[in-house]
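Q: Could you take a close look at the place where the ligand sits, and explain with care what surrounds it? I am in my first year, so please go step by step and then set that place within the rest of the chain.

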Amino acid sequence: MASTPLDALEIIDVYGPHRSYPSGARLDTGVEPDRLVKTHCCFCGQQCGIQLKVKDEKVIGFEPWADAPFSKGMLCPKGVRRYLQGSHPDRLLTALKRDPTAPGGFAPMGYEEAIARVAAEIDRIQKEHGPDAFAVLTGASLTTEKAYLMGKFARVCLKTANIDYNGRLCMVSAAAGNKKAFGVDRAANPWSDIPKTDLVWVSGANIAECAPITTNYIWQARENGAKIIVVDPRLTPIARTCDLFLPVKPGRDVALFNGVLHLMIEHDWLDHDFIRDRTNGFEKTAEHVREWTPRRTAEVTGVAERAIRQAAEMWGTAGSSFLLHARGIEHHSHGVQNVLGAINLVLASGRIGREGCGYATITGQANGQGGREHGQKCDQLPGGRDISDPEHRAFVAKVWDVDPDSLPGPGVDAYEIFREVDRGRIKGLLSICFNPKISLPDSDFIARMLDKLDFYVAIDFFLNETARHADVVLPGSLQEEDEGIVTQVEGRIIKINKVVDSPGDARQDWKIIQDVAAALGRPRGFTFQEPREILDELRRASAGGTADYSGVTYEKVERQGGVFWPCPSDDHPGTPRLFEEGSWNPIAKGAGPFYFLDGRAKFHAAEYTPPAEDVDAEFPLMLTTGRVVSQFLSGTQTRRIGPLVDQYPEPRVELHPRLAAELGVADGDWTVVESRRGTCTLRAMVVTTIRPDTVFVPYHWAGPKSINRLTISAQDPISRIPEYKVCAVRVARAPAPPDYEGRLEPQQ
Ligand code: SF4
């Protein structure tokens, strides 16, 4: 059993989250560092350049990296405080085993003993229940080398089909939509095209808080005369500076895209040459959007008909444009349809693959892009290859020197892994850099499934809320304790540099995985001595795939200020603009810019379906969730950084003054938010920047403050992304403060 050994408060007392503040050398700006190391921020997909200050082999602060190619010295509040997680009092310095008699419920254990125990449990479970009974959950913050190794470890060492990653909660709808429309999944253009465009369209992206540096690119475009359209249920900071704001109802984006395409066709705001020469499927899509009249679009989306017409005219008549979207349209049970609807607008305009004419999803996690390309996704092999394709399997098996038939087939997605636990088919779990108890929807179910596991081992550098259920915890490494590549939001591969060694018994994650392989008696293929060797194998395994990294070296990445994939050979500079005429394309081979045999992109009839759980008399409001600028994902790191906690200490329920008045709720009141799955009592934040039929709560917190106890586990049938962005709730003024008030600190 993997239930928590003690009450949460007793675990928190020892393992946190506690807050770290600057002190000692970190507070004294006069301390001269021993060295400055150029690397990148550990948090979001913007991957800003930063220089970490090192004194006595500890990270004590930072300096901006003024000429970093993407971020040019800029950092958001998270970036400037990231150094405070080094030498943190909560840092795991030894392996741990569950022990209800030990302080905090866990007792230190020797590293070798821990590895032996993990190997013995994996062996036992797989012998008793088969290879697929042991699952692996990984993270998109891992370097690409580690992500690649995790995929290989699952398929070659454990021979389990069941590996998936937390990018499943992030970019998979965009990835699936891009593959269906373009045959490849990557930002089509570098961000340097944004300031060169006439019109920026932003759908479902709270850019200032979730991708802060992109704000600068959009504002440069505005300075150059561009217009900005923002579509969002909330008047987010970027929306407050736009020319046209469309306050769409959560879950209705595809209807809006269809309505705009309807008007583009009606007014002949189309690039006929591009549609004829570069695409397939326009006629069927045009027929499909015929029913999306402005009136019907307005009824479904909640956006005024006049605003829809204005958006269509601005988009339809623009000379150049850049469309950006993010989780706001992707976190839906029809997230892929939303993405396809957005892409239809781009294809109808013909504005892609040229300077100032672009399209992209904004990746969320540090290595959201690279982490999904090289084999930790349940259906994918390195190079963006398909695990169900015999040729792809044979190619990768040859690089790995194994029989193709020995490779498992596709596994199940991250959420389905827990349903398989419920069905009794998965008995054991290894997780790394993933905190599903906070980040998966309907999270009380996840907690019950963690309790049901026979054996659970977590690799992490802090004891996150999920790891509290573990039998064994292995102490992993912080980003600055290892080197490797990640692929940031534009598709640009950058280099993470090692700054300091891991403390105590903590190890670089790839070493831990190789130690488990050795303890299982299966070291073959897991004897790398350094990340560079893993990259060398990854380069060979990706060669010829859509995500071709075969020409990527650390030296080239450093020399060029990053390399955009595909980069198919040592003398290839990389591909900043993916669909530019003449760009390297291993599928079309000159037939056209897109990654299909005929080189043409595909229109799709993007289907509108209502959210999986719409409002009704019992639950009359829509709940939507997201991030705040000072926190990141499940908060494992950022809830331990004092100044970031102080900036936005606890989750609050955003609601419109009109709704607040109806409910008799004032700003700051304790408020109960309830769905069919759970209840949260949080303070109200009355704001005019949200639709009156919608409430918003950020999701970074744990336990009684975790809004994912309320969200729904409905998933997109193609991408398997959960529907975080809309479910039905009711809200009321709380009769009394919650039990946790006064017992838990804000971050706990
Ligand atoms: S969190 Fe993102 S935007 Fe902020 S500094 Fe880090 S990489 Fe840059």
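A: In this predicted model, two helices stand out around the ligand, since α2 (77–81) and α7 (212–223) each supply at least two residues of the shell. The full set of residues around the ligand is C41, F43, C44, Q46, Q47, C48, L75, C76, K78, G79, P212 and I213. Reading this set against the bounds of the helices, you can place K78 and G79 within α2, and P212 and I213 within α7. As for chemical character, the shell around the ligand divides into eight nonpolar residues, three polar ones and one charged one. The charged residue is K78, because Lys is counted as charged. The three polar residues are Q46, Q47 and G79, because Gly is counted among the polar residues here.

The next step is to ask what kind of space holds the ligand. In general, rolling a probe the size of a water molecule over the atoms shows where empty space is left. For this model, the count comes to four cavities of 30 Å³ or more, and the ligand sits in the second largest cavity. That second largest cavity has a volume of about 90 Å³, and its lining is made up of C41, F43, C44, Q46, Q47, C48, L75, C76, K78, G79, P212 and I213. The elements that give two or more residues to this lining are α2 and α7. The lining, too, divides into eight nonpolar residues, three polar residues and one charged residue.

It also helps to set this site within the chain as a whole. The domain assignment gives domain 1 (21–85), domain 2 (95–170 + 367–564), domain 3 (172–362) and domain 4 (621–733). If you compare these bounds with the residues around the ligand, C41 and K78, for example, fall in domain 1, whereas P212 and I213 fall in domain 3. Domain 1 also has a neighbour in domain 2: 19 residues of domain 1 are in contact with 18 residues of domain 2, while 27 Å separate the centres of these two domains, taken over C-alpha atoms.

Finally, a few details of the backbone elsewhere in the chain deserve your attention. The peptide bond from G16 to P17 is cis, with omega near 20°, and P17 is found in the loop between α1 (8–15) and β1 (35–40). A further cis peptide bond runs from W565 to P566, with omega near 0°, and P566 lies in the loop between β21 (563–564) and β22 (601–602). C433, although it is not a glycine, has a positive phi of about 50°, and this residue lies in the loop between β16 (428–432) and α17 (436–439). L633 likewise has a positive phi of about 50° without being a glycine, and L633 is found in the loop between β23 (621–626) and α22 (642–647).

How values were computed
Residues are numbered from 1 along each chain as its sequence is written. This is a predicted model: local features need pLDDT of at least 70, side-chain atom pairs count only at pLDDT 80 or more; totals for chains, interfaces and linings use all residues. Side-chain values use heavy atoms; hydrogens and water are left out. A residue is near a molecule or strand if one of its heavy atoms lies within 4 Å of it. On a 1 Å grid over the protein atoms alone, a cavity is a set of points where a 1.4 Å probe fits but cannot get out, and a pocket is an open set with protein on both sides within 12 Å along at least five of seven lines; lining residues have an atom within 4 Å of a point. A molecule sits in a cavity or pocket if more than half of its atoms lie within 2 Å of its grid points. Helices (H or I, at least four residues) and strands (E, at least two) are DSSP runs, numbered from the N terminus. Grid points are joined across faces, edges and corners, and a volume is the space filled by probe spheres set on the points. Domain bounds come from an automatic or database domain assignment. Contact means heavy atoms within 4.5 Å.
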